[in-house]
Amino acid sequence: HCVTSLRMRDDESDDGSEKAFGAAPGEREATLWTSSSGTKAVRTANHSFAGIMFDVKNVSEWRVLEITEVHVAGALRRVRVYICDGPHSTAQDRGASWDLVADQNCAESWYEPTRIRFNCLAVDGFKYGISPGRTSAIYIHSDSPGDDGLRYSSAWRSGVAYDDGSLAIFTGRSHTSPTPFVGGWWRSPRCLAGGVSYVVPAAEW
């Protein structure tokens, strides 16, 4: 089961929040939520701790998808988002080629998703491209010192958790350390409670 919010640049997002960021004229933006809406995605989470690491895959046939932001909830504080090419199972440690794509100080938000824009590479609104059939790993981390940094959910099994025909979100693992990549425990299978936004580029003929 999945729900994707798909909209043109000038539309308002489903939950009335500020519209997503990054599409040019002719492009479309979508958010793949891990429930029927962004609000429900975070309110149905049953765990929280410092981080969540998971894979996303471009399951479209021919278009590059450009990931622009993620949506999360929790105590939050300083939230950083890292991305690397390939599955997280081969790149869990910091020594892999992870790119820091977002670094944002956030107010706590337990019951509504907070948007984390990719703002670390080039200008605000950086887009991370994933080619058709390719998988990339996303690691979202909060520096909250307790166990309440990010909300996420348990999963019954590993594999594809949500799929809208363009993007697939996989289950992953949670992290208990307030320091990215270092220390703490990793637990799986766990799943993002929130959403991933992406741009569908305009068709070229």
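**Exercise 1. Is Arg-43 buried, exposed or partly exposed, and what is its relative accessible area?**

Solution. Start with the model: it is predicted, so local features need pLDDT of at least 70, side-chain atom pairs count only at pLDDT 80 or more, and totals for chains, interfaces and linings use all residues. Residues are numbered from 1 along each chain as its sequence is written, and side-chain values use heavy atoms, with hydrogens and water left out.

Step 1. Take the cut-offs: buried is under 20% relative accessible area, exposed is over 50%, and partly exposed lies in between (1.4 Å probe, protein chains only).
Step 2. Arg-43 has a relative accessible area of 47%. Arg-43 is therefore partly exposed.

**Exercise 2. Find the salt-bridge partner of Arg-43 and place both residues.**

Solution.
Step 1. A salt bridge needs a side-chain nitrogen of Lys or Arg within 4 Å of a carboxyl oxygen of Asp or Glu. By this rule the count is five.
Step 2. Arg-43 pairs with Glu-112, and their closest N and O atoms are 3.0 Å apart.
Step 3. Arg-43 sits in helix H1 (residues 38-43) and Glu-112 in strand S8 (residues 109-117), so the pair links distant parts of the chain, 69 residues apart. Helices (H or I, at least four residues) and strands (E, at least two) are DSSP runs, numbered from the N terminus.
Step 4. Glu-112 is partly exposed, at 32% relative accessibility.

**Exercise 3. Describe the salt bridges of Arg-77 and Arg-78.**

Solution.
Step 1. Arg-77 meets Asp-143 at 3.4 Å, N to O. Arg-77 lies in strand S6, while Asp-143 lies in the loop between strand S10 (135-142) and strand S11 (150-154), so the pair ties together parts 66 residues apart in sequence. Arg-77 is partly exposed, at 43%.
Step 2. Arg-78 meets Asp-103 at 2.6 Å, N to O. Arg-78 is in strand S6 and Asp-103 in strand S7, so this pair ties together parts 25 residues apart in sequence.
Step 3. Check accessibility: Arg-78 has 30% and is partly exposed. Asp-103 has 26% and is partly exposed too.

**Exercise 4. Describe the surroundings of His-88.**

Solution.
Step 1. His-88 lies in the loop between strand S6 (77-85) and strand S7 (99-106).
Step 2. The relative accessible area of His-88 is 7%, so the residue is buried.
Step 3. Contact means heavy atoms within 4.5 Å. Leaving aside neighbours within four places in sequence, His-88 is in contact with Met-53, Phe-54, Asp-55, Ala-137, Thr-171, Gly-172 and Arg-173.
Step 4. The side chains of His-88 and Arg-173 also share a polar contact of 3.2 Å. A polar contact is a pair of N or O atoms within 3.5 Å; within protein, one must be able to donate a hydrogen and the other to accept it, and residues adjacent in sequence count only if both atoms are side-chain atoms.

**Exercise 5. Summarise the whole chain.**

Solution.
Step 1. Elements: the chain has one helix and 15 strands.
Step 2. Burial: of its 205 residues, 51% count as buried.
Step 3. Contacts: among those between residues at least 6 apart in sequence, 78% join residues at least 24 apart.
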